[in-house]
Amino acid sequence: MRKTGERSRAWLAVLTAALLCVTGCDAVGGDSSGPAGTGAQRAKPSPTPAWDRSPRSIAAVGDSITRGFDACEVLSDCPEASWATGSSPDVDSLAVRLLGGARAATHSWNYAVTGARMADLPGQMARAVTREPELVTVMAGANDACRASTAEMTPVADFRADFEDALHTLREALPKAQVYVASVPNLKRLWSEGRTDPLGKQVWKLGICPSMLGDADVLDAAANQRRETVQQRVEDYNGVLEEVCAQDERCRFDGGAVYEYRFGTAQLSHWDWFHPSKNGQARLAEIAYRKVTGKTA
């Protein structure tokens, strides 16, 4: 009887295992390979990356820095020295680095305007999209802080709305175009570097960024507070650029690289000691190229 009972228990165990396997076992073991050609083994196609590190055309929007203001002659635009689309070999612009000199001459366009503020960017963008560029560079915001007084600086909310409007204009026309957004430069550092030159300070009196550069040698509490107010607004603008750009998978913010760059006397125009010289434009081009061609922003 004991042997019969043991056999019965053995059969019951086998039957239980079989039933469990019917309801819960895979066709093959967890570490085993499935049959060749099954859906489980078939490689999934890799998605097309949202960011193309080799765009074939570029349009630039922004302000006097992108126009190469004071890089070649006093109080004059010099677009050939632009960090974004210039042709000067002294600069080796982003367009030349990405496209080559010959193609850059026919497939890059500069719609930046000296004195432009963020409110002007949607209009510039509307003109840029008519060229159907694969990459649009943006550098704007300095003039929103560089006003006659701190009270006249562009409110942060308006700055955000105008930037969002510009990107919306781009996306409506070119949903797959890429955008590189440069941070607003550190205006207080530019004041600190330029105030050592007497000629530069005379040019500043003509109206270059008065909220920061006015009364350049005055260091009393009111002047220091004024400069700190401008500097905080610049940092707020950069926060907006980063936040809005992050919502668009085809937008890259420079991570504050332009803001953090320490422009020295070699990188500043020797006419106004504020705008980038050709050397400074070349440094901006280097930063942009590194950000655009990097695997990640």
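Let's start in the middle of the sheet, where β3 (residues 135-139) and β4 (residues 178-181) run parallel and are joined by four bridges. One of the pairings to look for is valine 138, whose bridge partner in β4 is valine 181. Keep in mind while you look that this is a predicted model.

Zoom out from that pair and the rest of the sheet comes into view. Five strands make up an open sheet, and reading across it the order is β2-β1-β3-β4-β5, with parallel pairing. At the edges stand β2 (108-110) and β5 (251-253); each has a single partner strand, so one side of each is left without a neighbour in the sheet. From one strand to the next, the twist averages 15°. As background, strands of a sheet pair through backbone hydrogen bonds, either parallel or antiparallel.

Now for the helices that go with these strands. Helix α6 lies across β3 and β4, and its direction makes about 155° with β4. Helix α10 (residues 221-246) also packs on the sheet, where it touches β4 and β5 and runs at about 150° to β5.

What do α6 and α10 do with respect to each other? Their axes come within 10 Å and cross at roughly 35°, and the crossing is right-handed. If you want to pick out the side chains involved, the α6 residues are Val156, Phe159, Arg160, Phe163, Glu164 and Leu167. Across from them, α10 brings Arg233, Asp236, Tyr237, Val240, Leu241, Glu243, Val244 and Cys245.

That last residue, Cys245, is a handy bridge to the next topic. Cysteine 245 forms a disulfide with cysteine 251, and their sulfur atoms sit 2.0 Å apart. The torsion about the S-S bond is -115°, which is left-handed. Both ends are tucked away: cysteine 245 has a relative accessible area of 2% and is buried, and cysteine 251 is buried too, at 9%.

How many disulfides does the count come to? Three. Numbering the bonded cysteines along the chain, the pattern is 1-2, 3-4, 5-6. In general terms, a disulfide is a covalent bond between the sulfur atoms of two cysteines.

Another of these links ties cysteine 146 to cysteine 209, with an S to S distance of 2.0 Å. This pair connects distant parts of the chain, 63 residues apart: cysteine 146 is in the loop between α5 (142-145) and α6 (156-173), while cysteine 209 is in the loop between α8 (198-204) and α9 (210-213). The torsion about the S-S bond of cysteine 146 and cysteine 209 is about -75°, so this disulfide is left-handed. Cysteine 146 counts as buried at 9% relative accessible area, and cysteine 209 is buried at 5%.

Then there is the link between cysteine 72 and cysteine 78, where the S to S distance is 1.9 Å. With -65° about the S-S bond, the link is left-handed. Is cysteine 72 buried or partly exposed? At 23% relative accessibility it is partly exposed, because the buried class stops at under 20%. Its partner, cysteine 78, is buried at 2%.

Step one residue along and you reach proline 79, in the loop between β1 (58-62) and α2 (94-99). Proline 79 is partly exposed, with a relative accessible area of 29%. Setting aside neighbours within four places in sequence, proline 79 is in contact with Arg67 and Gly86. Proline 79 and alanine 112 are 33 residues apart in sequence, yet C-alpha to C-alpha the separation is 9.3 Å.

Finally, the view of the whole chain. The protein chain has 12 helices and five strands, and of its 297 residues, 47% count as buried. Among contacts between residues at least 6 apart in sequence, 72% join residues at least 24 apart.

How far can you lean on the coordinates? The chain averages a pLDDT of 87, and 83% of the residues score at least 70. Over residues 1-42, though, the pLDDT is below 50, and beyond near neighbours in sequence this stretch has six contacts in the model. Where pLDDT is low, the predicted coordinates should not be read in detail.

How values were computed:
Residues are numbered from 1 along each chain as its sequence is written. This is a predicted model: local features need pLDDT of at least 70, side-chain atom pairs count only at pLDDT 80 or more; totals for chains, interfaces and linings use all residues. Side-chain values use heavy atoms; hydrogens and water are left out. Helices (H or I, at least four residues) and strands (E, at least two) are DSSP runs, numbered from the N terminus. Buried means under 20% relative accessible area, exposed over 50%, partly exposed in between (1.4 Å probe, protein chains only). Contact means heavy atoms within 4.5 Å. A disulfide is a pair of cysteine sulfur atoms within 2.5 Å. pLDDT is the predictor's confidence in each residue, from 0 to 100. Two strands pair if DSSP finds at least two bridges between them. Axes are lines fitted to C-alpha atoms, for helices over the stretch in contact, and angles run from 0 to 180 degrees between N-to-C directions. A crossing is left-handed if the near helix is turned anticlockwise from the far one by less than a right angle, and right-handed if clockwise.
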